[in-house]
Amino acid sequence: MELSEEKYDIVIIGGGCVGSGIALDATLRGYNVILLEKNDFASGASSKSSKLIHGGVRYLEKAIKEFDITQYNLVKEGIKERAIFLKNAPYFSKKIKINIPIFSYLNLIYTYFGILIYKLIARKKSLGKNSFMNKIVSILCFPNIKQEKLKGCISFYDGSFLDSRMIISLLQTASKNAAIIKNYCEVIEFLYDKNNKIKGVKYFDKTQNKTYEINAKIVVNATGANVDNLRLKDDKSSNEILALSSGIHIVVSKEFLPFEEGILLPNTRDGRVIFILPYLNHCLIGTTDNKTIYEENQKLKDEEIEYLLKEVNDYFEKHLTKEDILSSWSGIRPLVKNEKKNATQQMVREHIILKSKNNLVSIAGGKWTTYRKMSEDLVDFLIKNKDLEKQKKCETRNYKLAGNEATIEEFDKFMSFYPILKMTKESLKTLYGTSCIRVLNLANETDNFELINPKLPYLKAEIEYGIKEEFVEKPIDFLARRIGLCFLDKKMALECVDVVCDEMGKILFWDEKRVEDEKIECKEYINNYF
């Protein structure tokens, strides 16, 4: 075991959206930060979201119905954070038009006033005008929608984003500002001083096969759905603060939703909502808020797939079948427990910060849209509780993230000099923002503009870039959470495993056995969890 001589201000456990956000916020304020993630970054719920940045139309509905000020404030905060999100990461996020099909005039009035209030709350932060399309226009836009009883569609605007790319951007930005970022490093034990207060952690580095001890002024538990398990590791008498909810998603061909607009289905049998959204030239269908238990890697169950298909098919003429599904996944949402409310869709997705008697600070709840505010609140909490001395003010409200620093149009001219297809050019801009030029420079240096697969837009040079610049340790990191292929098309991802493993083997000097082992492990993971 090795003891690190450097003492950190903060050890952050968890490399999802909240842990990554805290790492950036704390680093920008001048603190000495290390972040430890036991698997790959965004390998939990943070890469398995509905890809929406939103105030929450359904939270607003509950706020109005139940006169719940907490729900209302959550919507207000979400809308405010949505604007900051879109401003600081314009190449990994964008506004999206969402259409709600209406089948009764009563529902038309109800929905119209609901989204009008949503827009009024946003005021200057509104992303676009609400509108109504009559039945004829709705059918022209969405020819597959059921026409019987259809009155038209009401439309409003929200935000969408690439979740796993956002995590990498946050971590690159934190790393550039001197944060230490480590994946495949599992915290196995807390270290305590003579007063039984936490003074650091012992962690196992899976890639080096070594155990390390590090000291810190404060340890932050930002492990999402795993928060309670880590709290119990520190204090056996800890009460549970989370109610876990699953988010289930399937991906089908873009043909099902040919426009760059989304559809919200508001009336499912069990009171949930379903989103049908454009996603990287595919169509993403998903919903959340079904009670679940903790599993490190959750698999989508057959009955959940059947539920989604059944609900969606109620609204469309051409029915989807299991054969249409290109990929599917399930993630766990960590909701803060509310003893008065049993169903997870009734719970408010606000966050909570707790400090144990041994000084472990845990943050739980929230959602992707409010990751930045959660991070700010956490660092403010540490300063207020005198765990850290106050240095700078929070800077993340106006801080452009890596890959978003310049105007991407400036790069279009440069990109035309490289021997790449249009689909590759578009893919590079989408996945890397302004960092796409660094990928192309690397391809140019190594004279390697070869594609991973002729049917796909990805360059082999992206693998090397991922290793050098984006913390890639394993083939699944690249295929699932850097280029997102596993989330789009399971079959194509499996086809690419051998090429990616062979390429990584060359770059990282793996022997033949290691390459073969990685191929088996990667294929098993894709088959099990997508």
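In which sense do β4 and strand β12 (residues 262–265) pair, and over how many bridges? Before looking, note that this is a predicted model, in which local features need pLDDT of at least 70, side-chain atom pairs count only at pLDDT 80 or more, and totals for chains, interfaces and linings use all residues. Residues are numbered from 1 along each chain as its sequence is written, and side-chain values use heavy atoms, with hydrogens and water left out.

Select β4, residues 93–102, where eight of the 10 residues are buried, buried meaning under 20% relative accessible area (1.4 Å probe, protein chains only). Strands here are DSSP runs of E with at least two residues, and helices are runs of H or I with at least four, numbered from the N terminus. Now add β12: the two strands pair in the parallel sense over two bridges, pairing being defined as at least two DSSP bridges between them, and Asn 99 has Ile 263 as its bridge partner in β12. Next show β6 (residues 152–161), which runs antiparallel to β4 and is joined to β4 by 10 bridges; in β6, Phe 156 is the bridge partner of Ile 98.

Move on to the cysteines and select Cys 496, which is buried, with a relative accessible area of 1%. The closest cysteine sulfur, in Cys 486, is 9.1 Å from the sulfur of Cys 496, too far for a bond. A disulfide is a pair of cysteine sulfur atoms within 2.5 Å, and by this rule the count is zero. Finally, select Cys 185, which is also buried, with a relative accessible area of 2%.

Notes:
Buried means under 20% relative accessible area, exposed over 50%, partly exposed in between (1.4 Å probe, protein chains only).
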